[in-house]
Amino acid sequence: AAHLLWPGYDGALDSGEGEPDSGPAVAVVGSVYAPPSLGFLDRPEFVRRCAARGLSVVVHGPPEWERADLPRGTFRGWLPERDNGRVNRSARVVLSSHVRRSRHYLNARTFQVMGAGGVLLSDRQAGMGEGPAAFLREGETFAAYSSLEEAVDAAERLARAPAALRADLRAAAREAVLRAHRYTHRAEELDGALLGIRGGWR
(Lines give C-alpha, C1' and ligand atoms only; values in the text may rest on other atoms or scores of the structure.)
Protein backbone atom coordinates (compact mmCIF):
# COMPACT_ATOMS: atom_id res chain seq x y z
CA ALA A 1 0.00 0.00 0.00
CA ALA A 2 1.17 3.55 -0.67
CA HIS A 3 0.19 6.70 1.18
CA LEU A 4 1.18 10.21 0.10
CA LEU A 5 2.49 12.38 2.89
CA TRP A 6 3.25 16.01 2.10
CA PRO A 7 5.84 18.04 3.92
CA GLY A 8 4.41 20.29 6.62
CA TYR A 9 5.07 23.41 8.66
CA ASP A 10 7.25 23.18 11.74
CA GLY A 11 6.83 26.25 13.91
CA ALA A 12 9.66 25.08 16.16
CA LEU A 13 12.09 25.98 13.37
CA ASP A 14 10.68 29.50 13.07
CA SER A 15 12.48 32.14 15.16
CA GLY A 16 9.39 34.34 15.08
CA GLU A 17 11.46 37.29 13.84
CA GLY A 18 10.62 39.43 10.83
CA GLU A 19 7.73 41.83 10.43
CA PRO A 20 5.55 41.60 7.29
CA ASP A 21 6.79 43.77 4.42
CA SER A 22 9.93 44.80 6.32
CA GLY A 23 12.27 43.01 3.88
CA PRO A 24 12.75 42.80 0.13
CA ALA A 25 9.99 42.95 -2.43
CA VAL A 26 10.82 39.41 -3.61
CA ALA A 27 12.61 36.51 -1.93
CA VAL A 28 13.90 33.40 -3.67
CA VAL A 29 15.15 30.56 -1.47
CA GLY A 30 16.61 27.29 -2.71
CA SER A 31 18.52 25.85 -5.63
CA VAL A 32 19.19 27.58 -8.93
CA TYR A 33 17.08 25.40 -11.25
CA ALA A 34 18.29 27.44 -14.19
CA PRO A 35 18.02 25.17 -17.26
CA PRO A 36 14.53 25.82 -18.63
CA SER A 37 14.96 22.76 -20.85
CA LEU A 38 14.42 20.65 -17.74
CA GLY A 39 10.95 22.10 -17.32
CA PHE A 40 11.76 24.23 -14.27
CA LEU A 41 11.18 27.94 -13.97
CA ASP A 42 14.36 29.78 -14.96
CA ARG A 43 14.93 31.28 -11.52
CA PRO A 44 17.97 33.43 -12.37
CA GLU A 45 16.06 35.02 -15.25
CA PHE A 46 13.10 35.57 -12.93
CA VAL A 47 15.41 37.40 -10.52
CA ARG A 48 16.97 39.51 -13.27
CA ARG A 49 13.58 40.52 -14.70
CA CYS A 50 12.18 41.45 -11.29
CA ALA A 51 15.24 43.57 -10.57
CA ALA A 52 14.93 45.23 -13.98
CA ARG A 53 11.44 46.36 -12.96
CA GLY A 54 12.83 48.09 -9.91
CA LEU A 55 11.94 45.40 -7.37
CA SER A 56 14.38 44.59 -4.60
CA VAL A 57 15.23 40.89 -4.70
CA VAL A 58 17.10 38.69 -2.22
CA VAL A 59 18.31 35.19 -3.08
CA HIS A 60 19.37 32.52 -0.58
CA GLY A 61 20.79 29.17 -1.59
CA PRO A 62 23.88 27.22 -2.65
CA PRO A 63 27.06 28.72 -4.17
CA GLU A 64 25.88 27.85 -7.70
CA TRP A 65 23.90 31.08 -7.60
CA GLU A 66 27.20 32.99 -7.78
CA ARG A 67 27.56 31.85 -11.42
CA ALA A 68 24.03 32.94 -12.34
CA ASP A 69 24.87 36.54 -13.33
CA LEU A 70 22.55 38.15 -10.80
CA PRO A 71 22.38 41.86 -10.00
CA ARG A 72 25.06 42.88 -7.50
CA GLY A 73 24.13 42.28 -3.89
CA THR A 74 21.21 39.99 -4.68
CA PHE A 75 22.73 36.68 -3.56
CA ARG A 76 23.07 36.35 0.21
CA GLY A 77 24.32 32.77 0.59
CA TRP A 78 22.79 29.90 2.51
CA LEU A 79 19.83 30.63 4.77
CA PRO A 80 19.96 29.06 8.25
CA GLU A 81 16.88 26.91 8.75
CA ARG A 82 15.63 28.91 11.72
CA ASP A 83 15.68 32.07 9.57
CA ASN A 84 13.27 30.72 6.95
CA GLY A 85 10.29 32.15 8.79
CA ARG A 86 11.88 35.59 9.03
CA VAL A 87 12.58 35.74 5.29
CA ASN A 88 9.19 34.29 4.36
CA ARG A 89 7.37 36.88 6.49
CA SER A 90 9.44 39.94 5.76
CA ALA A 91 9.42 39.65 1.95
CA ARG A 92 6.41 40.98 0.11
CA VAL A 93 6.46 37.93 -2.18
CA VAL A 94 8.21 34.54 -1.88
CA LEU A 95 8.75 32.49 -5.02
CA SER A 96 8.17 28.75 -5.17
CA SER A 97 8.66 26.44 -8.14
CA HIS A 98 8.19 22.67 -8.16
CA VAL A 99 10.71 20.27 -9.67
CA ARG A 100 8.08 17.60 -10.22
CA ARG A 101 4.85 17.56 -12.18
CA SER A 102 2.52 15.25 -10.31
CA ARG A 103 -1.08 15.60 -9.26
CA HIS A 104 -1.37 16.81 -5.68
CA TYR A 105 2.42 16.94 -5.21
CA LEU A 106 3.43 19.97 -3.14
CA ASN A 107 6.93 20.99 -2.11
CA ALA A 108 8.12 21.97 1.36
CA ARG A 109 8.29 25.66 0.39
CA THR A 110 4.49 25.74 0.09
CA PHE A 111 4.02 24.99 3.76
CA GLN A 112 7.06 26.90 5.03
CA VAL A 113 5.93 30.14 3.41
CA MET A 114 2.23 29.87 4.14
CA GLY A 115 2.71 28.62 7.69
CA ALA A 116 4.99 31.54 8.49
CA GLY A 117 2.43 34.00 7.17
CA GLY A 118 4.24 34.72 3.93
CA VAL A 119 2.84 35.60 0.51
CA LEU A 120 3.40 32.53 -1.65
CA LEU A 121 3.83 32.82 -5.42
CA SER A 122 3.80 29.27 -6.75
CA ASP A 123 3.69 27.56 -10.10
CA ARG A 124 0.36 25.90 -10.75
CA GLN A 125 0.19 22.17 -10.04
CA ALA A 126 -2.55 19.78 -11.09
CA GLY A 127 -4.99 19.28 -8.25
CA MET A 128 -4.43 22.62 -6.54
CA GLY A 129 -7.65 23.90 -5.04
CA GLU A 130 -9.35 20.52 -4.91
CA GLY A 131 -9.40 17.41 -2.74
CA PRO A 132 -6.57 17.40 -0.20
CA ALA A 133 -5.15 20.57 -1.77
CA ALA A 134 -8.41 22.51 -1.39
CA PHE A 135 -6.68 24.90 1.01
CA LEU A 136 -4.73 26.29 -1.96
CA ARG A 137 -7.23 28.85 -3.19
CA GLU A 138 -5.68 31.03 -5.86
CA GLY A 139 -6.09 34.70 -5.02
CA GLU A 140 -7.17 33.88 -1.46
CA THR A 141 -4.37 31.90 0.18
CA PHE A 142 -1.66 32.15 -2.50
CA ALA A 143 -0.83 33.53 -5.95
CA ALA A 144 0.05 31.39 -8.97
CA TYR A 145 1.77 31.44 -12.34
CA SER A 146 2.24 29.13 -15.32
CA SER A 147 5.09 30.87 -17.14
CA LEU A 148 8.12 33.04 -16.50
CA GLU A 149 6.33 36.12 -17.81
CA GLU A 150 3.30 35.50 -15.60
CA ALA A 151 5.55 34.92 -12.58
CA VAL A 152 7.33 38.26 -13.04
CA ASP A 153 4.06 40.11 -13.63
CA ALA A 154 2.48 38.53 -10.55
CA ALA A 155 5.51 39.30 -8.39
CA GLU A 156 5.43 42.96 -9.40
CA ARG A 157 1.67 43.23 -8.95
CA LEU A 158 1.79 41.71 -5.47
CA ALA A 159 4.85 43.67 -4.38
CA ARG A 160 3.30 46.97 -5.42
CA ALA A 161 -0.21 46.17 -4.15
CA PRO A 162 -1.59 47.80 -0.99
CA ALA A 163 -0.26 46.17 2.17
CA ALA A 164 -3.82 45.25 3.16
CA LEU A 165 -4.13 42.90 0.18
CA ARG A 166 -0.98 41.04 1.20
CA ALA A 167 -2.13 41.01 4.81
CA ASP A 168 -5.31 39.20 3.80
CA LEU A 169 -3.30 36.61 1.84
CA ARG A 170 -0.90 36.15 4.76
CA ALA A 171 -3.65 35.63 7.32
CA ALA A 172 -5.66 33.19 5.19
CA ALA A 173 -2.55 31.20 4.24
CA ARG A 174 -1.29 30.87 7.80
CA GLU A 175 -4.71 29.89 9.15
CA ALA A 176 -5.11 27.18 6.50
CA VAL A 177 -1.72 25.62 7.20
CA LEU A 178 -1.88 25.79 10.99
CA ARG A 179 -5.31 24.18 10.92
CA ALA A 180 -4.32 21.01 9.07
CA HIS A 181 -0.76 21.03 7.73
CA ARG A 182 1.71 21.03 10.59
CA TYR A 183 4.04 18.06 11.10
CA THR A 184 1.87 16.97 14.02
CA HIS A 185 -0.93 16.52 11.47
CA ARG A 186 1.41 14.50 9.25
CA ALA A 187 2.25 12.22 12.17
CA GLU A 188 -1.45 11.62 12.75
CA GLU A 189 -1.93 10.83 9.05
CA LEU A 190 0.97 8.37 9.09
CA ASP A 191 -0.31 6.71 12.24
CA GLY A 192 -3.74 6.32 10.66
CA ALA A 193 -2.25 4.89 7.47
CA LEU A 194 -0.16 2.37 9.42
CA LEU A 195 -3.17 1.31 11.46
CA GLY A 196 -5.06 0.76 8.21
CA ILE A 197 -2.25 -1.37 6.80
CA ARG A 198 -1.98 -3.45 9.96
CA GLY A 199 -5.72 -3.93 9.97
CA GLY A 200 -5.53 -5.27 6.43
CA TRP A 201 -3.05 -7.93 7.48
CA ARG A 202 -5.40 -9.54 9.97
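Which backbone oxygen lies 2.9 Å from a polar atom of the side chain of Thr 141? The close-ups below start there and then move outwards. Keep in mind that this is a predicted model.

**View 1. Thr 141 sits in the loop between strand 4 and strand 5.**
The oxygen in question belongs to the backbone of Phe 135, and it lies 2.9 Å from a polar atom of the Thr 141 side chain. Thr 141 has a relative accessible area of 0%, so it counts as buried. Leaving aside residues up to four places away in sequence, Thr 141 touches Met 114, Phe 135, Leu 136, Leu 169, Ala 172 and Ala 173.

**View 2. Five strands make an open sheet with parallel pairing.**
Reading across the sheet, the strand order is 2-1-3-4-5. Strand 2 (57-60) and strand 5 (143-145) are at the edges, and each has a single partner strand, so one side of each has no neighbour in the sheet. From one strand to the next, the twist averages 25°.

**View 3. Strand 4 and strand 5 run parallel and are joined by three bridges.**
Strand 4 covers residues 120-123. Pick out Leu 121 here: its bridge partner in strand 5 is Ala 143. Helix 3 (residues 108-115) packs on the sheet as well, touching strand 1 (26-29), strand 3 (93-96) and strand 4. The direction of helix 3 makes about 160° with that of strand 4.

**View 4. Helix 4 lies across strand 1, strand 3, strand 4 and strand 5.**
This helix takes in residues 148-160. Against strand 5, helix 4 runs at about 155°.

**View 5. Helix 3 crosses helix 5 at roughly 115°.**
Helix 5 spans residues 163-180, and its axis comes within 7 Å of the axis of helix 3. On the helix 3 side, the contact is made by Phe 111, Met 114 and Gly 115; helix 5 brings Ala 173, Arg 174, Val 177 and Leu 178. Sort the residues of this contact by type and you get five nonpolar, one polar and one charged. Two of these names may ring a bell: Met 114 and Ala 173 are also among the residues that Thr 141 touches.

**View 6. Asp 21 and Arg 170 form a salt bridge.**
What separates the closest N and O atoms of this pair is 2.7 Å. The two residues come from distant parts of the chain, 149 residues apart: Asp 21 is in the segment before strand 1, and Arg 170 is in helix 5. Asp 21 counts as partly exposed at 22% relative accessibility, while Arg 170 is buried, with a relative accessible area of 6%. In total, the structure holds 15 salt bridges.

**View 7. Arg 48 and Glu 45 meet in a salt bridge inside one helix.**
Both residues lie in helix 1 (residues 43-52), three residues apart, which is about one turn of the helix. Their side chains come to 3.0 Å, N to O. Arg 48 is partly exposed at 26% relative accessibility, and Glu 45 is partly exposed too, at 23%. There's a wider group to look for here: Glu 45, Arg 48, Arg 49 and Glu 149 are linked in a network of salt bridges.

**View 8. Glu 140 pairs with Arg 137 in a salt bridge.**
Here the closest N and O atoms are 2.9 Å apart. Glu 140 is partly exposed at 46% relative accessibility, and Arg 137 is partly exposed at 31%.

How values were computed
Residues are numbered from 1 along each chain as its sequence is written. This is a predicted model: local features need pLDDT of at least 70, side-chain atom pairs count only at pLDDT 80 or more; totals for chains, interfaces and linings use all residues. Side-chain values use heavy atoms; hydrogens and water are left out. Two strands pair if DSSP finds at least two bridges between them. Helices (H or I, at least four residues) and strands (E, at least two) are DSSP runs, numbered from the N terminus. Axes are lines fitted to C-alpha atoms, for helices over the stretch in contact, and angles run from 0 to 180 degrees between N-to-C directions. Contact means heavy atoms within 4.5 Å. Ala, Val, Leu, Ile, Met, Phe, Trp, Tyr, Cys and Pro count as nonpolar, Asp, Glu, Lys and Arg as charged, and the others, Gly among them, as polar. A salt bridge is a side-chain nitrogen of Lys or Arg within 4 Å of a carboxyl oxygen of Asp or Glu. Buried means under 20% relative accessible area, exposed over 50%, partly exposed in between (1.4 Å probe, protein chains only). A polar contact is a pair of N or O atoms within 3.5 Å; within protein, one must be able to donate a hydrogen and the other to accept it, and residues adjacent in sequence count only if both atoms are side-chain atoms.
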